[in-house]
Amino acid sequence: MPNEKKQCEHYAKLCAVLEKNENYQKFKAYADRILALGNDSLEKTIAIAVALCLVCAVLVSFAAVALKPLQINNKELDMKQNILDVAGLLEPGSDIDAAFAEKIEAKIVDLETGDYVESINAGDYDQRKAAKDPAQSIAIPKDKDIAHIRIKAKYAKVFLVKEAGAIKSIILPVNGYGLWSTLYGFLSLDPDGQTVQSINFYDQAETPGLGGEVVNPNWRALWKGKKVYAETDQPSMDKGLIAEADMGEPALSLIKGVVDNSKPGSQYQVDGLAGATLTSTGVTNLIRYWTSKEGFAPYLSKVRTVKRGVS
Ligand SMILES: Cc1cc2nc3c(=O)[nH]c(=O)nc-3n(C[C@H](O)[C@H](O)[C@H](O)COP(=O)(O)O)c2cc1C
């Protein structure tokens, strides 16, 4: 009650101030004159239309400003959901924030060196925003820009799933141009930095039913177990014969038609999207770009080396 009384007093004060204001009096006189006009008056029609536009503009602006924090929150939640999904940790009905905080660790990686950058708080870092900032990004030379993205952030935000201190999944952000749009997604790899766990695209505008099938769970399931790098014929590290993990070039590609899993080389192949060769080529290119030396190859090489206790 005291609050309501205060509000009434405040309102009364405001009215008193307005009543004394010359411009308000002029406006009031004008409004009274307009309202007294007949409904078929051109001046009244225009004045009412302008007033309506002003009121709507104020309402829309207010909604945009007031809902901004909610939008940001929802965007973050959606991103966390996608990361949990590609990590195979999304449980229907679960608390996304809690699951993400418990199971996922975000790290910043210097793409050139492959080292972690501890001076940047991963929670605050927005890689897509950084890619648009000339101070935080690098222009990609045309001959290396197979993903057609033109610029990349110097630092990437990767996500790790750990169990008892050991890495279980490495989740890499990837992007590249399809037919109509830049596709943004996550590629999840085994700790070997070579075997695919899953892929998802959370932002793309390819045609639904054609290139848009990149979001189809059945197609996404085909990626599990595929290899991103050509295996070299050098002696295996597993046998302790070489000191450092030595992967070949990025080799994964989407092929036209269905992959025959019994054939040699099929471990590097995923079915292309039917009627969407251009989007499929875009996906091949973006995966090859981000697994190349331009992308995460230096980082993945370091993850393998550390895992095997070489450095
Ligand atoms: C309305 C329309 C939308 C299309 N959308 C896509 C698309 O999202 N991705 C794509 O690769 N091709 C799309 N295509 C088809 C391409 O133009 C091209 O024909 C196709 O990529 C060739 O693939 P195919 O050799 O598997 O038929 C679209 C075609 C039309 C007419």
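**A spread-out chain with two assigned domains**

In this predicted model, G165 sits in the loop that links β4 (155-163) to β5 (166-177). Because only 5 C-beta neighbours fall inside 10 Å, G165 counts as exposed. Its C-alpha atom lies 30 Å from that of P217, a residue 52 places away in sequence.

A helpful contrast comes from Y229, located in the loop between α6 (217-221) and β8 (253-255). Here 23 C-beta neighbours are found inside 10 Å, so Y229 counts as buried, the threshold for this class being 20 or more. Beyond its neighbours within four places in sequence, Y229 is in contact with Q194, M247, G248, E249, P250, A251 and T291. Between Y229 and D124, which are 105 residues apart along the chain, the C-alpha separation is 32 Å.

Turning to the chain as a whole, eight helices and nine strands are present. The radius of gyration is 28 Å, well over the 19 Å given by the globule rule for 311 residues, so the chain is more spread out than a compact globule. Along the principal axes, the C-alpha atoms fill a box of roughly 95 × 50 × 40 Å. The domain assignment divides the chain into domain 1 (2-77) and domain 2 (107-307), and the centres of domain 1 and domain 2, taken over C-alpha atoms, are 52 Å apart. Buried residues make up 26% of the 311 in the chain. Of the contacts between residues at least 6 apart in sequence, 53% join residues at least 24 apart.

Nonpolar side chains in soluble globular proteins tend to be buried together. In this chain, the largest nonpolar core has 47 residues, and those with the most contacts inside it are I83, I171, L172, L187, L286 and I287. Two or more residues of this core come from each of α3 (42-86), β1 (104-110), β4, β5, β6 (182-189), β7 (196-203), α7 (277-291) and α8 (297-307). For L286, contacts outside the neighbours within four places in sequence are made with A147, V174, N175, G176 and L183.

The ligand, finally, is surrounded by L179, W180, E206, T207, L210, G211, G275, A276, T277, L278 and T279. Sorted by class, this shell has five nonpolar, five polar and one charged residues.

Key: Residues numbered from 1 in each chain as written. Predicted model: local features only at pLDDT ≥ 70, side-chain atom pairs only at ≥ 80, totals over all residues. Domains from an automatic or database assignment. Helix = DSSP H or I, 4+ residues; strand = E, 2+ residues; numbered from the N terminus. Buried ≥ 20, exposed ≤ 12 C-beta atoms within 10 Å, placed from the backbone. Rg over C-alpha atoms; globule rule 2.2 N^0.38 Å. Contact = placed C-beta atoms within 7 Å. Near = placed C-beta within 6 Å. Nonpolar A, V, L, I, M, F, W, Y, C, P; charged D, E, K, R; others polar. Core = buried A, V, L, I, M, F, W, Y, C linked by C-beta atoms within 7 Å.
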